[in-house]
Amino acid sequence: YVPASYVEWISQTGAIPVLIPHDIPKVRLDRILDNIQGVLITGGSSDLGETTGTPTPLMSTISHIVEHSKSLKTKHNKDFPIFGICMGFQALLM
């Protein structure tokens, strides 16, 4: 579930919002990331880690997005902004 306000907010900037499932296979995620210019990680009440310390599928996807952004900067000096709101910001700090 993604609140319509996030979609509207992104659309108001002239960008086209692309909703990325949290459990998407990494190969498909890479294809999407190669064709967009940034990511907004929304808030919510999802778990980011299991009680065993292993990341949830959501946290694994967020970590992959962060590594993609860092790789673009390192290899091509290209910016790939990531903006986190509430839980999304917490995930980025982790």
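**Entry 1: C86**

I looked up C86 first and found it in the loop between β2 and α4, the helix of residues 87–93. The model I am reading is predicted. Is C86 buried or exposed? C86 is exposed, because its relative accessible area is 54% and the cut-off for exposed is over 50%. I then checked the backbone. C86 has a positive phi of about 55 degrees, yet C86 is not a glycine.

**Entry 2: N77**

I went to another loop. N77 sits between α3 and β2, the strand of residues 82–84. The phi of N77 is near 50 degrees. That is a positive value, and N77 is not a glycine either. I noted the relative accessible area of N77 as 58%, so N77 counts as exposed.

**Entry 3: the whole chain**

I stepped back to count elements. How many helices and strands are there in the protein? I noted 4 helices and 2 strands. From the N terminus on, their order is α-α-β-α-β-α. I then looked at overall size. The radius of gyration is 13 Å, and the globule rule gives 12 Å for 94 residues. Those values are close, so the protein is as compact as a globular protein of that length. Along its principal axes, the C-alpha trace spans about 40 × 35 × 25 Å.

I also looked at contacts along the chain. I took the contacts with a separation of 6 or more. Of these, 63% are between residues 24 or more positions apart.

**Entry 4: surface and charge**

I turned to the outside. The protein exposes about 6600 Å². Carbon and sulfur atoms supply 56% of that area. Buried residues make up 23% of the 94 residues. I counted charges next. There are 7 positive and 8 negative side chains. The centres of the two sets lie 9 Å apart.

**Entry 5: the nonpolar core**

I went inside. In soluble globular proteins, nonpolar side chains tend to be buried together. Which residues of the largest nonpolar core touch the most other members? I wrote down L33, V39, L48, I65 and F80, out of 15 residues in this core. At least two residues of the core come from each of α2 (26–33), β1 (39–41), α3 and α4. The largest share, 5 residues, comes from α3.

I picked L33 for a closer look. Leaving aside neighbours within four places in sequence, L33 is in contact with V39, H64, I65, H68 and F80. Three of the core names above return in that list: V39, I65 and F80.

**Entry 6: two residues of α3**

I followed helix α3, which covers residues 57–76. M59 lies in this helix. Why does M59 count as buried? M59 is buried because its relative accessible area is 8%, and the cut-off for buried is under 20%. Beyond neighbours within four places in sequence, M59 is in contact with L48, A91 and M94. I also took a distance. M59 and I16 are 43 residues apart along the chain, and their C-alpha atoms are separated by 24 Å.

S69 is found in helix α3 too. S69 is buried, with a relative accessible area of 14%. With neighbours within four places in sequence set aside, S69 is in contact with F80 and I82.

**Entry 7: T56**

I moved to the loop between β1 and α3, where T56 has its place. Is T56 buried or exposed? T56 has a relative accessible area of 7%, so T56 is buried. What does T56 touch, not counting residues up to four places away in sequence? I listed D47, L48, G49 and E50. L48 is also a contact of M59.

**Entry 8: P17**

I ended with the loop between α1 (4–12) and α2, where P17 has its place. The relative accessibility of P17 is 29%, so P17 counts as partly exposed. Not counting residues up to four places away in sequence, P17 touches V7, I10 and S11. I checked one far pair as well. P17 and L72 are 55 residues apart in sequence. In space, they are 21 Å apart, C-alpha to C-alpha.

Notes:
Residues numbered from 1 in each chain as written. Predicted model: local features only at pLDDT ≥ 70, side-chain atom pairs only at ≥ 80, totals over all residues. Heavy atoms only, no water. Buried < 20%, exposed > 50% of the residue type's maximum accessible area, 1.4 Å probe, protein only. Contact = heavy atoms within 4.5 Å. Core = buried A, V, L, I, M, F, W, Y, C linked by side-chain atoms within 4.5 Å. Rg over C-alpha atoms; globule rule 2.2 N^0.38 Å. Areas by Shrake-Rupley, 256 points an atom, 1.4 Å probe, with all protein chains shown as cover. Lys, Arg positive; Asp, Glu negative; His and termini not counted. Charge placed at Lys NZ, Arg CZ, Asp CG, Glu CD.
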